Amino acid sequence: MAAAQVSVSNLHLVINNKSILTDMSFSIEQGRFLGLIGPNGAGKSSLLRCLYRFQAPTSGAITIDGKNIAEFNRQDYARKVAAVLQEIPSQFNLGVFDVVAMGLTPHKSLFASVSLRDKQAIQEALSKVGLTHKQKQSYESLSGGEKQRVMIARAIVQSPSLLLMDEPTSHLDVKYQIEIMALAKSLGITVVASFHDLNLAAAICDSILVVDKGKLVAHGSPQNVVSSSMLAQVFGVNADVTLQQCAKREHVIPHIRYQYQQPAIHRGIPRSQP
Ligand SMILES: Nc1ncnc2c1ncn2[C@@H]1O[C@H](COP(=O)(O)OP(=O)(O)OP(=O)(O)O)[C@@H](O)[C@H]1O
C-alpha cells in the first residue's frame, strides 16, 4: 500500500472542560517518519488517539490523503491505519501466531480462513521482529518486550499506509529498540511515533514535533529542533547537544548528553544552587 499523507489543522481536544490539545496544525509528507516528543502529560498519546479515531477532536480536522478521517468507514480506516499503542492489551487468550493473524482482519471477509499466502506474511512478520520461535506460545506468557514486538508484527501484517506508535520502544531492550525502529522505517510507509528516548528519536525521525502542555512548540528536522535550549525550556534538563555525521544518511544527527551532575532546570529557570 502507498504511504499516506497526513494533515492536521487547528486541532483542539477538550475533555471535562480541560484543554488537552490546543490549536495544533501540521502535516506529514508521504513516507516520512514523524517523532512526537514532550514531557509526561504533554498530549502525545492524546494526539495519537485522535489520529487513530479513539478520540474525536473537539474541533479541527485530520485528513489522510485529502479525506477527513471521520468519513472513512471502519474497515477502510483499518486497512489504511495501524496502531501500536502504549497500553498493551492483556485480554488476548490466543497464541502468538493468532494474535499476529488478527492484523489480516481488515483485508479479509468475515469467516475467511487463513490462506497459505497469509501464513507466509505472518511468518515473515514474526521473523522480522525475532519471534519465529515463540509463535506457538500463548501471548499472555510473553515478556513485555515480546508482547510489544508481537503487536508490531500484527501492525506489519495489517499492511497499513500509516503506522501510529505510542512509545513503541518502552519495553524493548536496546537491540530491539534499534531494530524495531529501523524495521518501521524500512516499511516505506508514513509513521507517527511518540518517544521518550530523545536520542533514538533524533536518530530515526525525519522530523520531530515537540508537544508541551497540549501545544505544538516546535516542528522541524531533528537537527533544527533538538537543542540545549529546547531541552531546558521544554523538559527542564541540562544537556549538551552535538551534531554527528551519519554514515548512512546525508544529514547530521543531533546527539544529546545529559548533565546528570548539574541541577535540573525548572522550565528554563535554573534551580538555585544549594
Ligand atoms: N480521558 C481523559 N480525561 C481527563 N484527562 C485526560 C484524559 N486523557 C488525557 N488526559 C490528560 O491529558 C494530558 C495529556 O495526556 P497524554 O496521555 O496525552 O500525555 P502524554 O504526552 O502522552 O504523556 P506521557 O508521556 O506521560 O505518556 C494529561 O494531563 C492527561 O491527564
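Tutor: Before we look at any hairpin, keep in mind that two strands pair if DSSP finds at least two bridges between them. Remember also that the model above is a predicted one.

Student: In which sense do β9 and β10 pair, parallel or antiparallel?
Tutor: Begin with a single bridge, in which aspartate 212 is matched with lysine 215 of β10. Between β9 and β10 there are five bridges, whereas the rule asks for at least two. The sense in which β9 and β10 pair is antiparallel.

Student: Which residue takes a positive phi in the hairpin of β9 and β10?
Tutor: This hairpin has two residues between its strands, and the residue you are looking for lies in that loop between β9 and β10. Its phi is positive, at about 50°, although the residue is not a glycine. The residue with this positive phi in the hairpin is lysine 213.

Student: Is lysine 213 buried, partly exposed or exposed?
Tutor: The count to use is that of C-beta neighbours inside 10 Å, of which lysine 213 has 15. A residue would need 20 or more to be buried and 12 or fewer to be exposed, with the remaining class in between. Because its count is 15, lysine 213 is classed as partly exposed.

Student: Which other strand pairs with β9 in the parallel sense?
Tutor: Look at isoleucine 208 in β9, which is the bridge partner of glycine 35. The strand we want covers residues 33–37 and is joined to β9 over four bridges. The parallel partner of β9 is therefore, by the bridge rule, the strand named β3.

Student: Which strands are at the edges of the open sheet that contains β1 and β4?
Tutor: The open sheet has four strands in the order β2-β1-β4-β5, with antiparallel pairing. Within that order, β1 and β4 are joined over five bridges, and in one bridge valine 6 has isoleucine 64 of β4 as its partner. The strands that pair on one side only, and which form the edges, are β2 and β5.

Student: At about what angle does α1 run to β2?
Tutor: Helix α1 spans residues 44–51, and it lies across three strands, namely β1, β2 and β4. The angle that α1 makes to β2 is about 65°.

Student: Which element gives the largest share of the shell around the ligand?
Tutor: The residues around the ligand include Lys18, Lys44, Ser45 and Ser46. Both β2 and α1 supply at least two residues of this shell. The largest share, three residues, comes from α1.

Student: Is Asn16, another residue around the ligand, buried or exposed?
Tutor: Asparagine 16 sits in the loop between β1 and β2, and it has a positive phi of about 50° without being a glycine. There are 5 other C-beta atoms within 10 Å of asparagine 16, while the cut-off for the most open class is 12 or fewer. Because its count is 5, asparagine 16 is exposed.

Student: How far apart are the C-alpha centres of domain 1 and domain 2?
Tutor: According to the domain assignment, domain 1 covers 6–222 and domain 2 covers 227–274. Their contact takes 11 residues from domain 1 and seven from domain 2, and α7 gives the largest share of the domain 1 side, four residues. The C-alpha centres of the two domains are separated by 27 Å.

How values were computed
Residues numbered from 1 in each chain as written. Predicted model: local features only at pLDDT ≥ 70, side-chain atom pairs only at ≥ 80, totals over all residues. Near = placed C-beta within 6 Å. Domains from an automatic or database assignment. Contact = placed C-beta atoms within 7 Å. Axes fitted to C-alpha atoms, helices over the stretch in contact; angles between N-to-C directions.
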